[in-house]
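This report concerns side-chain interactions in one protein model. Please examine the sequence and the coordinates shown here before reading on.

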Amino acid sequence: MRYAQGGGLTDAGRAARERIRLQAVECFERGESNREIVAGLRVGERSVERWRRQWRERGKAGVLSKGSPGRPRLSEKQSVKLERELERGPLVHGWVDQRSTLARVKTLIGRLFHVSYTVEGTWRLLKRHGWSWQQPTRRAIERDDDAVDLWKKEGWPRVRASRRLATDG
């Protein structure tokens, strides 16, 4: 096969596949057999059969790309607006702390643009626009490491040991 199977194609990848299908249409018009097309274009026989059927039913338009199968994406203008809103911070948008979680960004996108993204789709959108996950570089000023160590040594064993076992019946 000339290209890998599966989704997630970019616009360039979709255009490349469409060029292959259009080459197949030229072969159909010349009267070439499926086997000749498979060998010449290095694609699967079932794909050629499907393309030929689409070509017979709808002509050249039948094999043209139908675009991205995914959900609607934000326009460039909307992306710029989203970035401005994210830079303003979560407090401005009604959250009680400064954490910009994916779920919050997803909700913000829905509120601003009436477009529904999944959490995973939100992550991909942010990555495409240069955003990355962040982790605090230091601990809270109020943290007392000695108290934490003491609790781990003395408090935690007591809490863990006092757990009651489930009883039958």
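The sections below treat aromatic pairs, a surface patch, salt bridges and one buried charge.

## Basis of the report

The model is predicted: local features need pLDDT of at least 70, side-chain atom pairs count only at pLDDT 80 or more, and totals for chains, interfaces and linings use all residues. Residues are numbered from 1 along each chain as its sequence is written, and side-chain values use heavy atoms, with hydrogens and water left out.

## Aromatic pairs

A pair of aromatic rings is described by the distance of the centres and the angle of the planes. Rings of Phe, Tyr and Trp (for Trp, the six-membered ring) are paired if their centres lie within 6.5 Å; planes under 30 degrees apart count as stacked, over 60 as edge-to-face and the rest as tilted. A search of the whole structure yields two such pairs. In one of them, the ring centres of Phe28 and Trp55 are 5.2 Å apart and the planes stand at 40°, so the pair is classed as tilted. Because Phe28 belongs to helix H1 (residues 11-30) and Trp55 to helix H3 (residues 45-58), the pair ties together parts that are 27 residues apart in sequence. Helices here are DSSP runs (H or I, at least four residues), numbered from the N terminus.

Phe28 is buried, at 4% relative accessible area. The burial classes are buried (under 20% relative accessible area), exposed (over 50%) and partly exposed (in between), with a 1.4 Å probe and protein chains only. Trp151 and Trp156 form a tilted pair, with 6.0 Å from centre to centre and 40° between the planes.

## A nonpolar surface patch

Trp151 is located in helix H7 (residues 145-161) and is partly exposed at 46% relative accessibility. Trp156 is also partly exposed, with a value of 39%. Together with Val159, these two residues make up a nonpolar patch on the surface, with about 320 Å² of accessible area in total. Patch members have over 30% relative accessible area and no salt bridge; like charges are joined within 9 Å, and nonpolar side chains (Val, Leu, Ile, Met, Phe, Trp, Tyr) within 5 Å. The areas come from the Shrake-Rupley method with a 1.4 Å probe, and for residues only the protein chains shown count as cover.

## Salt bridges

Side chains of opposite charge can pair when their charged atoms come close. A salt bridge is counted when a side-chain nitrogen of Lys or Arg lies within 4 Å of a carboxyl oxygen of Asp or Glu. The whole structure contains six salt bridges. One of them joins Glu32 and Arg30 at 2.8 Å, N to O; Glu32 is partly exposed at 22%, while Arg30 is exposed at 54%.

Asp97 takes part in a salt bridge with Arg99, the closest N and O atoms being 2.9 Å apart, and in another with Arg104 at 2.6 Å. Asp97 is partly exposed at 23%, Arg99 is partly exposed at 49%, and Arg104 is buried at 12%. Salt bridges with shared partners thus join Asp97, Arg99 and Arg104 into one network.

## A buried arginine without a salt bridge

Arg21 lies in helix H1. Which side chain of opposite charge is nearest to Arg21? That side chain is Glu18, 4.4 Å away, and Arg21 is buried yet has no salt bridge. For this assignment, Lys and Arg count as positive and Asp and Glu as negative, while His and the chain ends are not counted. Leaving aside residues up to four places away in sequence, Arg21 touches Trp51, Val63, Leu64 and Ser65, where contact means heavy atoms within 4.5 Å.

How values were computed: Helices (H or I, at least four residues) and strands (E, at least two) are DSSP runs, numbered from the N terminus.
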